Amino acid sequence: MTADPLILTVAPNGAYKQHSDHPAVPLTPQALADTARRCLDAGAAMLHLHIRDAEGRHSLDVEGYREALRVVRQAVGDAMVLQVTSEAARVYQAPQQIAMVRELQPEAVSIGLREVDVPAVGEAGLAAFFGELAARGTMVQVILYDAADVARWQALRAAGTIPDAPWFLLFVLGRYSAAQTSDPRDLLPFLAAHGDSPEPWAVCAFGPTEQACVTAAAAFGGHARVGFENNLRLRDGRLAPDNTALVAQAAEAAATLGRPLATAAQIRERCRPR
């Protein structure tokens, strides 16, 4: 158990969810802003956001991002860290993803390692990209899907391809499990691979076991990302009324373990390169 403030992130929509999945999935900038405000009040100090194009499809459009960030920032001020996704979602290729991040220059971004660690970028391209992010002071969360991803990340760090910076890792539990439902035990291979590395980490999980997974992560000193991107259900299996209910569950778990929730100022102090 640790009193280290827990970074609670909400991922309210993802690349694929639609109103047909749940009517409370926020798909517009204003809906994202309303969701962000409620989730902030429930304890989430970071928002992981996706935007959609005019047809409701996943988008990495820079102007679309700027508008969504403007509207959400009006709703939450500086009380939330706004993290954009660079996810490919079977639409974009690594050079396009990197170009978006370079043009947008967001406060925070999530990057799937296996999406950008590809021949089209190469290790020299990775070094340039991550070096720019560190120099710019961008808060970066690196998404890892299994222990092999953790080992690859560590190899890139050891080789100096990825420079020293306060990188924040996200362990995705159960991405390739049967029925894509996570289990708290999915965390164990990540922890074994992570070893005694000082880099902070969080988990996200699929299905109604999300709460059990984030509770396990919190007990081991990690952080949590919850929300409709990966899960629509409460811990008892009932459909969650909204993202706020999932945030409130996670905040309850943190309180049970004696971990205060991190503020946006604490996240920026910990995760922003200087």
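**Exposure, helix packing and enclosed space in a predicted model**

At a relative accessibility of 63%, Thr-256 counts as exposed, since the cut-off for that class is over 50%. The structure is a predicted model, and the values reported here are computed from it. Thr-256 belongs to helix α9, which covers residues 243-256. Its C-alpha atom is separated by 9.2 Å from that of Thr-215, although the two residues are 41 apart along the chain.

A second pairing across the sequence involves Arg-38, a residue of helix α1 (residues 29-42). With a relative accessible area of 41%, Arg-38 is partly exposed. Between Arg-38 and Thr-244 there are 6.3 Å from C-alpha to C-alpha, against a separation of 206 residues in sequence.

Helix α5 was examined in greater detail. The helix consists of 15 residues, 122-136. From first to last C-alpha it reaches 21 Å, close to the 21 Å expected at 1.5 Å a residue. Its buried residues are Leu-126, Phe-129, Phe-130, Leu-133 and Ala-134. Viewed down the axis of α5, these buried residues fall within an arc of 130 degrees, so they line one face of the helix. In general, an α-helix has 3.6 residues a turn, so residues three or four places apart point the same way. Ala-124 and Ala-135, on the other side of α5, are exposed. The cover over the buried residues of α5 includes the helices α3 (94-104), α4 (113-116) and α6 (147-158), together with the strands β6 (108-112) and β7 (139-144). Just after α5, Gly-137 adopts a positive phi of about 85 degrees.

Positive phi values also occur at residues other than glycine. Arg-90 has phi near 60 degrees and is located in the loop between β5 (81-85) and α3. This residue is exposed, with a relative accessible area of 75%. For Gln-105, which is not a glycine, phi is positive at about 50 degrees. Gln-105 lies in the loop between α3 and β6 and, at 48% relative accessibility, counts as partly exposed.

Empty space in the model was considered next. Rolling a probe the size of a water molecule over the atoms shows where such space is left. The largest pocket holds about 570 Å³ of space. It is lined by 28 residues, of which Tyr-16, Glu-87, Tyr-145, Arg-175 and Glu-229 are the closest to its centre. Strand β6 provides the largest share of this lining, with three residues. By class, the lining of the largest pocket comprises 12 nonpolar, nine polar and seven charged residues.

A search of the whole structure for cavities of 30 Å³ or more returns one. The largest cavity has a volume of about 50 Å³. Its lining is made up of Met-46, Gln-83, Ala-108, Met-139, Val-140, Gln-141, Pro-166, Phe-168, Ile-267 and Cys-271. Strand β7 and helix α10 (264-271) each supply at least two of the lining residues, and β7 gives the most, with three. The lining of the largest cavity divides into eight nonpolar and two polar residues, with no charged residue. Strand β7 thus appears in two settings: in the cover over the buried residues of α5 and in the lining of the largest cavity.

Terms used: Residues are numbered from 1 along each chain as its sequence is written. This is a predicted model: local features need pLDDT of at least 70, side-chain atom pairs count only at pLDDT 80 or more; totals for chains, interfaces and linings use all residues. Side-chain values use heavy atoms; hydrogens and water are left out. Helices (H or I, at least four residues) and strands (E, at least two) are DSSP runs, numbered from the N terminus. The expected span of a helix is 1.5 Å times one less than its number of residues. Buried means under 20% relative accessible area, exposed over 50%, partly exposed in between (1.4 Å probe, protein chains only). The arc is that of the directions from the helix axis to the C-beta atoms. Contact means heavy atoms within 4.5 Å. On a 1 Å grid over the protein atoms alone, a cavity is a set of points where a 1.4 Å probe fits but cannot get out, and a pocket is an open set with protein on both sides within 12 Å along at least five of seven lines; lining residues have an atom within 4 Å of a point. Grid points are joined across faces, edges and corners, and a volume is the space filled by probe spheres set on the points. Ala, Val, Leu, Ile, Met, Phe, Trp, Tyr, Cys and Pro count as nonpolar, Asp, Glu, Lys and Arg as charged, and the others, Gly among them, as polar.
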